[in-house]
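Visitor: I should like to understand how descriptive terms are justified for a protein model. May I put my questions to you one by one?

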Amino acid sequence: SKFDVTALLLVIQICHTMNPATQRFERVVQQILEQDLAVIDGLFPDQILLNLYDRLAALNAEDALRPAAVGAAGQSEVHAEIRSDFIRWWPDAPEHPSEKAFFAEIDALTDYLNRTCFTGIRQKEFMYAIYPPGAHYERHVDDFRHKHARKFSVVTYLNRDWEPSRGGELVIYDTSGEQRETIEPIYGRTVMFPSPLVEHAVLPALADRWSVTGWLR
């Protein structure tokens, strides 16, 4: 329920007060406390981002991504009128060095949230996503059937030399359904928010829009 997520955020706030921290992940906690949304440039090391970019470029050249589907696992179907990006899921224990390095960073973030704020995150699931020109994702919440299995959504953009004219912005809506914020998918920018609470959409891209997208559960 929404109460459960609200209670989770309250626990984060209490623990934040009790455990002042200096780690870089504290910026994520503070922004989520203030606005249920963290937008941070350079959260992850440059070399990891560059290696992920090269990895995704190689996969794209191999035609290794597939049209994204809508719905829960086992019942999902492709509906390009709702979302038209192409994705490739990561294995739970990736072997590629770039993905292993990124997961080490995600594990450090998860450990920080669990250790200081008792968020109870135990699992993660991540994928590559490419929005080719014209692709979009309609307004939605990252919470299949309101099960609240996904606690936080995390998106890190891999768009080199991105310009505003290329579209593909992430639109965040407030609880009244009004547009609250529009976020440019700038290279190295990470966006994180509580999955069941934040409604969002991806505007049509006018050039290839690349990201690593995932959920902490």
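Guide: Please do. In this predicted model, 46% of the 217 residues of the protein chain count as buried. The protein chain has 4 helices and 11 strands, and it exposes about 10,700 Å², of which carbon and sulfur atoms supply 52%.

Visitor: Why is Glu99 called buried?

Guide: Glu99 has 4% relative accessibility. Buried means under 20%, so Glu99, at 4%, counts as buried. Its place is in helix α4.

Visitor: What makes the meeting of the side chains of Glu99 and Arg55 a polar contact?

Guide: The distance given for the two side chains is 2.9 Å. The cut-off for a polar contact is a pair of N or O atoms within 3.5 Å, and the 2.9 Å of this pair therefore satisfies the distance condition. Leaving aside neighbours within four places in sequence, Glu99 is in contact with Leu52, Arg55, Trp90, Pro94 and Tyr128.

Visitor: Trp90 is in that list. What makes the pair of Trp90 and Phe126 tilted?

Guide: A pair of aromatic rings is described by the distance of the centres and the angle of the planes. For Trp90 and Phe126 the centres are 6.4 Å apart, and the angle between the planes is 45 degrees. Rings pair if their centres lie within 6.5 Å; planes under 30 degrees apart count as stacked and over 60 as edge-to-face, with the rest tilted. An angle of 45 degrees belongs to the rest, so the pair is tilted. The pair links distant parts of the chain, with Trp90 in the loop between β3 and α4 and Phe126 in strand β4, 36 residues apart.

Visitor: Why, then, is the pair of Phe102 and Phe126 called edge-to-face?

Guide: Here the ring centres are 5.8 Å apart and the planes stand at 75 degrees. Because 75 degrees is over 60, this pair is edge-to-face. Phe102 lies in helix α4 and Phe126 in strand β4, 24 residues apart. Both Phe102 and Phe126 are buried. Together with Phe44, Trp90, Phe103 and Tyr128, they form one aromatic cluster.

Visitor: Which residues have the most contacts inside the largest nonpolar core?

Guide: They are Phe102, Phe126, Met192 and Leu216, in a core of 35 residues. Helix α4 gives the largest share of this core, 7 residues. A second, separate core has 19 residues, including Met127 and Leu170.

Visitor: How do you know that Asp36 is partly exposed, whereas Phe118 is exposed?

Guide: Asp36 has 26% relative accessibility. That value falls between the cut-offs of 20% and 50%, so Asp36 counts as partly exposed. Phe118 has 57% relative accessibility, which is over 50%, and therefore counts as exposed. Asp36 is found in the loop between α2 and β1, and Phe118 in the loop between α4 and β4. Neither is a glycine, yet each has a positive phi: about 60 degrees for Asp36 and about 55 degrees for Phe118.

Visitor: What makes one say that the charged end of Arg150 sits over the ring of Trp215?

Guide: The charged end of Arg150 is 3.7 Å from the centre of the Trp215 ring. The distance cut-off is 6 Å, with a further condition of 35 degrees from the ring normal. The value of 3.7 Å therefore meets the distance cut-off. The charged end of Arg209 likewise sits over the ring of Tyr131, 4.9 Å from its centre.

Key. Residues numbered from 1 in each chain as written. Predicted model: local features only at pLDDT ≥ 70, side-chain atom pairs only at ≥ 80, totals over all residues. Heavy atoms only, no water. Core = buried A, V, L, I, M, F, W, Y, C linked by side-chain atoms within 4.5 Å. Buried < 20%, exposed > 50% of the residue type's maximum accessible area, 1.4 Å probe, protein only. Helix = DSSP H or I, 4+ residues; strand = E, 2+ residues; numbered from the N terminus. Areas by Shrake-Rupley, 256 points an atom, 1.4 Å probe, with all protein chains shown as cover. Polar contact = N/O pair within 3.5 Å; in protein donor to acceptor, adjacent residues only side chain to side chain. Contact = heavy atoms within 4.5 Å. Phe/Tyr/Trp six-rings, centres within 6.5 Å; stacked < 30°, edge-to-face > 60°.
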